[in-house]
Structure formats: C-alpha cells, structure tokens
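Reader: Hi, I'm new to this one and would like to talk it through slowly. Could you show me the sequence and the structure before I start asking things?

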Amino acid sequence: MRSIKQPGAPSAERIQWVEARGRAFTFMLEAGVPLLEAARRGFAAEGFAGGVLNFGRGTLGPFAYVMPALSKTGENAAFYSETFRPEGVTRTKLGRMTLGTRDGAPFFHCHGLWTEADGKASGGHMLPDETIVTEPFEVEAFGLDGAMFTAEPDPETNFKLFGPVAAASTGARTTSRAFALRLRPNQDFAFCLEGFCREHGIARAKIHGGVGSTIGARFTHGGVTEPFATELAVTAGAIAPGPSGALEAALDVALIDYTGGIAEGRLIRGDNPVLMTMELVLEVLS
C-alpha cells in the first residue's frame, strides 16, 4: 500500500476516538454572516456545541480558500497553497465540515467543490473567517453530545489537527449512539473503519461529515488520482455486511489534488491510505 513519510514518529494510537450520543437534523445557514458563525448558530439552536455537517448547493461571497500543495520547507509531508479569494459569488457543489474548537474558540475544517463566478470549477479547504454566506441554504448536520473535535498539535504530521476529545454533556436531545473518529496517516481508509466496527461490535453504521486527505485515490470506476496530496470530502459513506457477510465500507468521495485535478467516485477498499488525517462521525445503526 502507498505510504508517505511524515516528519514525526507515528503515534501508537492509529484511530483517535470518543464514544458519544448524537442526533441528525437540518437547518438553514444564515445569510450575511461568516460561514463559521452561521454553522455555530445552527448547532447551538439545537443545543449542540459541535459536530459535523454536509451541504450541497449554496452561495458564498466573499470567499477564501486554499488548495493542497507541496511542502516548500520539508517540515510537513505536504502543505497548503497561497490563499485564493475569487471575486463575486461562488456557488458550491458540495461541502463537508467538522465544527469544533481551536485555541478555545469555535473553528471548522471544511472541504468542498464549487464553481467560481467566472465559471472556474475548483475545490479545496475553505477558510472560516473569510467566507461569508451570501444567501440562506440548507445543510444536514449531526450534533455530538459527550464529544468535541478540538484542534491540537500533532507531532506525527507537524500540523495542528482536529481530533475528538471527551466533552461535558450539553443536555441536547439525542437519538443515536455515535463515535467521533480521527484516522491517522498511512492506513487504508476503508479497512480502518471496518476494523474499528468489528472491534466495537458495530454491525451497521452511517458516516456523517468526512473531511481529510488520502494519498492520491483509486476508484472502483477505474479512475486514478496520481498526485499524492489531496483535499477530500466524503459524499456518502456506510459500513455494512457485504456479499460474503464480512463488514465492508462503501466510501463515496470528492477531492481536489495539488495540481487542481478534481475527481469523484467510490474508493477501492484496501488501496486508499490516509495522507494527513480523516475526521468523521459514525452513527451506529445496529
């Protein structure tokens, strides 16, 4: 399996996880405020301090983002591009967000694909405070009670990355058992989730959110992304018994690589290792 050498020693804990309770709900992002604040308000209205959300078509402007890029210093296995600030209104195709905290304040990690006002199709990593919601649009959220994604220094990658930590209950209404997860580098995305579910007695689970990166990508439709640095969003994901009865993860994703190449499709199980991180929530169905 492909692997990328990280600047720091691998952590012994390859999956960072916290068990929690949660609930799926929808809300409208408020127009005229930063995307971060609009998301925070939506979660807070349901009694949650954080969680994950999925969205499709929406409008953003002003808008700022970065793309994956090669590291110029060698201090990281890959890095970010310069900041892009396209003029006019950007129309999203899809996005996945992890909403948590960084340095004691609300923060998000959000990847997506979009079309800029001049017609350019692009994607990458949205910047929280420089991205404004232009018109209200609906999002699908999953709030967490008992866990929170918090950005902390990660010696392995030499980045400050979101990972789940235990958190006090906010008293929000919940309906489901859930796990907040962060997958560490150089392990296959699907196999990692399948192993986790087996170890925790989970027969079926649904993925909510899903923000991270893989080392290129290999798709079941035959497509291949060769550039190793990507920004990826999980567009749909589930873990359930396959034809043989063994657990199989079905992972549909969208990504952009550091050359600007965009790809979408279902990942091949066993051939898509994590590059830097992968954050998501597993809702236990059975």
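Reader: Thanks. Is E30 buried, exposed or partly exposed, and what is its relative accessibility?

Author: Before the answer, please keep in mind that this is a predicted model. E30 has a relative accessibility of 38% and therefore counts as partly exposed, since buried would need a value under 20% and exposed one over 50%.

Reader: And which residue forms a salt bridge with E30?

Author: That is R41, and the closest N and O atoms of this salt bridge are 2.7 Å apart. The pair links distant parts of the chain, with R41 in helix 1 and E30 in the loop between strand 1 and helix 1, eleven residues apart. R41 also counts as partly exposed, because its relative accessibility is 34%.

Reader: You mentioned helix 1, so which of its residues are buried?

Author: Helix 1 covers residues 35-45, and its buried residues are L35, L36, A38, A39, G42 and F43. Looking down the axis of helix 1, one finds these buried residues within an arc of 165 degrees, so they line one face of the helix.

Reader: What comes after helix 1, with a positive phi?

Author: Helix 1 is followed by G47, and the phi of G47 is positive, near 90 degrees.

Reader: Back to salt bridges, how many are there?

Author: The count comes to 17 salt bridges. One of them joins R23 to E46, where the closest N and O atoms are 3.1 Å apart. R23 belongs to strand 1 (residues 15-29), while E46 is in the loop between helix 1 and strand 2 (51-55), so this pair ties together parts that are 23 residues apart in sequence.

Reader: Are R23 and E46 buried or exposed?

Author: The two have to be taken one at a time. R23 is buried, as its relative accessible area is 6%, whereas E46, with a relative accessible area of 29%, is partly exposed.

Reader: What about R85, which residue does it meet in a salt bridge?

Author: The side chain of R85 meets that of E130, at 2.6 Å from N to O. This pair, too, links distant parts of the chain, because R85 sits in the loop between strand 6 (79-80) and strand 7 (90-102) and E130 in the loop between strand 9 (121-126) and strand 10 (133-135), 45 residues apart. R85 is exposed, with a relative accessible area of 51%, and E130 is partly exposed, with a relative accessible area of 32%.

Reader: Which residues are linked in a network of salt bridges?

Author: E13, D154, R182 and R184 are linked in such a network.

Reader: Changing topic, how many aromatic pairs are there?

Author: The count comes to 18 aromatic pairs. In one of them, F107 and F162, the ring centres are 6.4 Å apart and the planes are at 70 degrees, so the pair is edge-to-face. F107 lies in strand 8 (residues 105-115) and F162 in strand 13 (residues 159-166), which places the two 55 residues apart and makes this a link between distant parts of the chain. F162 is buried, with a relative accessible area of 4%, whereas F107 counts as partly exposed at 25% relative accessibility.

Reader: And which residues do ring pairs link into a cluster?

Author: That cluster consists of F25, F27, F43 and F48. F43 has already come up among the buried residues of helix 1.

Reader: Which charged end sits over the ring of F107?

Author: The charged end of R102 does, at 5.4 Å from the centre of that ring. In another place, K120 lies over the face of F84, and the distance to the ring centre there is 5.7 Å.

Notes. Residues numbered from 1 in each chain as written. Predicted model: local features only at pLDDT ≥ 70, side-chain atom pairs only at ≥ 80, totals over all residues. Heavy atoms only, no water. Buried < 20%, exposed > 50% of the residue type's maximum accessible area, 1.4 Å probe, protein only. Helix = DSSP H or I, 4+ residues; strand = E, 2+ residues; numbered from the N terminus. Arc of directions from axis to C-beta. Phe/Tyr/Trp six-rings, centres within 6.5 Å; stacked < 30°, edge-to-face > 60°. Lys NZ or Arg CZ within 6 Å of the ring centre and 35° of its normal. Salt bridge = Lys/Arg side-chain N within 4 Å of Asp/Glu carboxyl O.
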